[in-house]
Amino acid sequence: MPFARLATATTPTSHLGLGLAAIGRPGYINLGREKDLGETRTVETLRARTHELLDAAYAQGVRYFDAARSYGRSEEFLADWLTTHPDLDDIVVGSKWGYTYTADWTTDAEKHEVKDHSVRTYDRQRGETAELLGDRLDLYQIHSVTPDSPALTDKQLHARLAELAATGVTVGFSTSGPAQADAIRAALTVTVDGEPLFRTVQSTYNALETSAGPALAEAHDAGLTVIVKEGMANGRLAEPYAPDALKAVAEETSLGADAIALALILREPWAGVALSGAATVDQLASNLHAAVVDLNDDQLARLAALAEDPHTYWEKRGQLPWH
């Protein structure tokens with residue numbers, strides 16, 4: 001398991017990762033992103049922004065970097081950065097397949113990405129990822145598995161993924177939607193030749209959406225590394241959008257609401273890596289303060305009251321505009 005590298009890391013930020021969803025393409029659903037990136041979002045501008053963030057993240061102890069085929073040119077940008085740092089052997093690189101980016105570098109496309117978990121899509125996207133990341137890829141995940149996903153039952157696909165795992169690449173999956181817990185538990189039962197197929201799970205979990213928590217604990221107990229995405233709920237838990245209770249705790253600790261939101265994740269015993277989705281170096285620096293946050297019982301109780309019904313949470317998420 002490549003994540004064993006993080007287990008021996010000495011930096012307090014080693015269990016925070018950098019996700020490239022918000023900076024690998026010009027349009028995304030994070031609140032405030034139009035201010036973060038401004039109007040100039042050419043390929044070269046976002047390539048430079050990505051490299052700047054990767055440099056800052058590595059310098060501050062971050063060792064996991066997360067991309068996807070559907071995150072615009074995120075794999076390309078990450079591959080470029082890795083090429084200029086061939087000596088870095090202490091990082092873990094993950095990507096995902098299952099969505100195809102279709103926005104053609106625009107912010108107003110009718111569809112920004114198209115989901116397809118077929119073997120044909122896997123074969124195509126696996127080749128595309130290999131061309132860019134080569135042997136630097138440590139983890140390949142099925143993107144956004146839901147309980148009705150054919151990826152949970154397609155034996156041919158499972159065999160393909162097992163072949164990939166036999167080459168040394170860890171195979172995992174991510175989840176989305178109000179039934180994440182059901183998808184996680186279904187994925188835990190998938191085996192090839194009697195052995196569990198998946199070794200990692202990446203799910204949405206944050207102060208507003210906690211429904212996957214028990215299933216993620218089960219996955220951790222089963223030996224999977226848990227990666228948490230959307231820890232700031234696409235900006236809903238960051239300034240200036242954060243709920244009053246979160247802002248109050250942030251003020252009490254003299255840290256940002258974003259750091260408190262990520263600290264809530266890191267304190268879970270099953271959380272292996274919590275992703276930052278920072279779009280600026282300043283946001284990243286603030287996010288990384290999560291590693292030193294210490295919350296008392298009263299603060300934790302106030303924050304626990306923020307949790308929403310998962311269907312309500314995902315309905316609100318679905319209404320966020322692409323900026």
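In this predicted model, the largest nonpolar core is made of 88 residues, and F65, L78 and F198 have the most contacts inside it. The biggest giver to this core is helix 10 (residues 257-266), which puts in 8 residues. There is also a second core, separate from that one, with 8 residues, among them F3, Y64, V92 and I227. As for F198, what does it touch once its neighbours within four places in sequence are left aside? The list runs to I142, L161, V171, G172, F173, A187, V190 and L224.

Now for the strands. Strands pair through backbone hydrogen bonds, and they can do so in a parallel or an antiparallel way. Here, 8 strands close up into a barrel in the order 1-2-3-6-7-10-11-12, and the pairing is parallel. On average, neighbouring strands of this sheet are turned by 25° against each other, ignoring direction. A handy pair to look at is strand 10 (residues 200-204) with strand 11 (residues 225-229): the two are parallel and share 5 bridges. Within that stretch, T200 has T225 of strand 11 standing opposite. Helices come into the picture too: helix 5 (residues 119-133) lies across strand 3 (92-97) and strand 6 (139-145), and its direction makes about 150° with strand 3.

Next come the aromatic rings. Two numbers describe a pair of them: how far apart the centres are, and the angle of the planes. The model has 9 aromatic pairs. In one of them, F65 meets W81 edge-to-face, with 5.5 Å from centre to centre and 70° between the planes. Because F65 belongs to strand 2 (residues 64-66) and W81 to helix 4 (residues 74-83), this pair ties together parts that are 16 residues apart in sequence. Are these two residues buried or exposed? F65 has 0% relative accessibility, so it counts as buried, and W81 is buried as well, at 1%.

Y313 and W314 make another pair, with ring centres 5.4 Å apart and planes at 80°, so this one is also edge-to-face. Y313 is buried at 1% relative accessibility, and W314 is buried with a relative accessible area of 12%. Elsewhere, ring pairs join W97, Y122 and Y140 into a cluster.

Charged side chains get in on the act too. The charged end of R126 sits over the ring of Y140, at 5.5 Å from the ring's centre, so Y140 takes part both in this arrangement and in the ring cluster. R63, for its part, lies over the face of Y58, 3.7 Å from the ring centre.

Terms used:
Residues are numbered from 1 along each chain as its sequence is written. Side-chain values use heavy atoms; hydrogens and water are left out. A nonpolar core is a set of buried Ala, Val, Leu, Ile, Met, Phe, Trp, Tyr and Cys residues joined through side-chain atoms within 4.5 Å. Buried means under 20% relative accessible area, exposed over 50%, partly exposed in between (1.4 Å probe, protein chains only). Helices (H or I, at least four residues) and strands (E, at least two) are DSSP runs, numbered from the N terminus. Contact means heavy atoms within 4.5 Å. Rings of Phe, Tyr and Trp (its six-membered ring) pair if their centres lie within 6.5 Å; planes under 30 degrees apart count as stacked, over 60 as edge-to-face and the rest as tilted. A charge sits over a ring if NZ of Lys or CZ of Arg is within 6 Å of the ring centre and within 35 degrees of the ring normal. Two strands pair if DSSP finds at least two bridges between them. Axes are lines fitted to C-alpha atoms, for helices over the stretch in contact, and angles run from 0 to 180 degrees between N-to-C directions.
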